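Hi,

Here is the structure I said I'd pass along. Have a look at it first, and then read my notes below.

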Amino acid sequence: MIDQNKVEAVTEYLRNEFHGFEVSDVYHELGDRDKVFIERNFRKFQIFSYPKTYVVKLERLFLEDIPDVRKALDEIELGRIMRVNEGRQILVTKGKGIVVL
């Protein structure tokens with residue numbers, strides 16, 4: 001299972017980057033079967049304030065292997081990349097870095 005402290009660090013980072021937006025961990029909105037799939041592969045977050053929506057997925061390996069997730073997200077400028085690519089999903093991986101889907 002993904003360390004909850006790291007999930008909270010991601011949520012905090014996104015709230016700071018997107019002031020006034022609702023940040024949701026999509027994992028908590030899924031059924032049990034879908035949670036198993038998600039937990040094996042990635043964690044998905046949705047950032048929403050009508051009319052804008054941003055979606056970011058963080059690979060499980062990224063969350064497990066990066067000691068300071070918040071610092072890593074700052075360094076890759078995730079918030080800026082998400083704003084530049086509004087309307088597209090962003091995938092953060094350990095090996096490839098950021099992938100715009």
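Strand β2 (residues 42–49) and strand β3 (residues 52–59) pair up antiparallel, with 8 bridges between them. Keep in mind as you click around that this is a predicted model. If you want a handle on the register of that pair, use Q46, which sits opposite V55 in β3. The connection from β2 to β3 is a hairpin, made through 2 residues.

That hairpin region has something you may want to check in your own viewer. P51 sits in the loop between β2 and β3, and the peptide bond joining Y50 to P51 is cis, with omega at about 10 degrees.

β3 has another partner too. Strand β4 (residues 89–93) runs parallel to β3, and 4 bridges join the two. For the register here, look at L58, which stands opposite V92 in β4. So much for the strands; on to the helices.

Which residues does T11 touch, once you skip those up to four places away in sequence? The answer is V23 and F45. T11 itself belongs to helix α1, which covers residues 4–17. Its relative accessibility is 12%, and because the cut-off for buried is under 20%, T11 counts as buried. F45, one of its two contacts, falls within the residue range of β2, 42–49.

Next, D74, which is part of helix α4 (residues 69–75). Is D74 buried or exposed? Neither, really: its relative accessible area is 41%, so it lands in the partly exposed class, between the 20% and 50% cut-offs. There is also a long-range pair to try with your distance tool: D74 and E17 are 57 residues apart in sequence, yet their C-alpha atoms are 9.7 Å apart in space. E17 is the residue at the end of the α1 range, 4–17.

Last one: E77, in the loop between α4 and α5 (78–84). Its phi is near 55 degrees, a positive value in a residue that isn't glycine. If you run a backbone torsion check, that is the value to look for at E77. As for its surroundings, E77 has 39% relative accessibility and therefore counts as partly exposed, as D74 does at 41%.

That's what I have for now. Shout if anything looks odd on your side.

Cheers

How values were computed: Residues are numbered from 1 along each chain as its sequence is written. This is a predicted model: local features need pLDDT of at least 70, side-chain atom pairs count only at pLDDT 80 or more; totals for chains, interfaces and linings use all residues. Side-chain values use heavy atoms; hydrogens and water are left out. Two strands pair if DSSP finds at least two bridges between them. Buried means under 20% relative accessible area, exposed over 50%, partly exposed in between (1.4 Å probe, protein chains only). Contact means heavy atoms within 4.5 Å.
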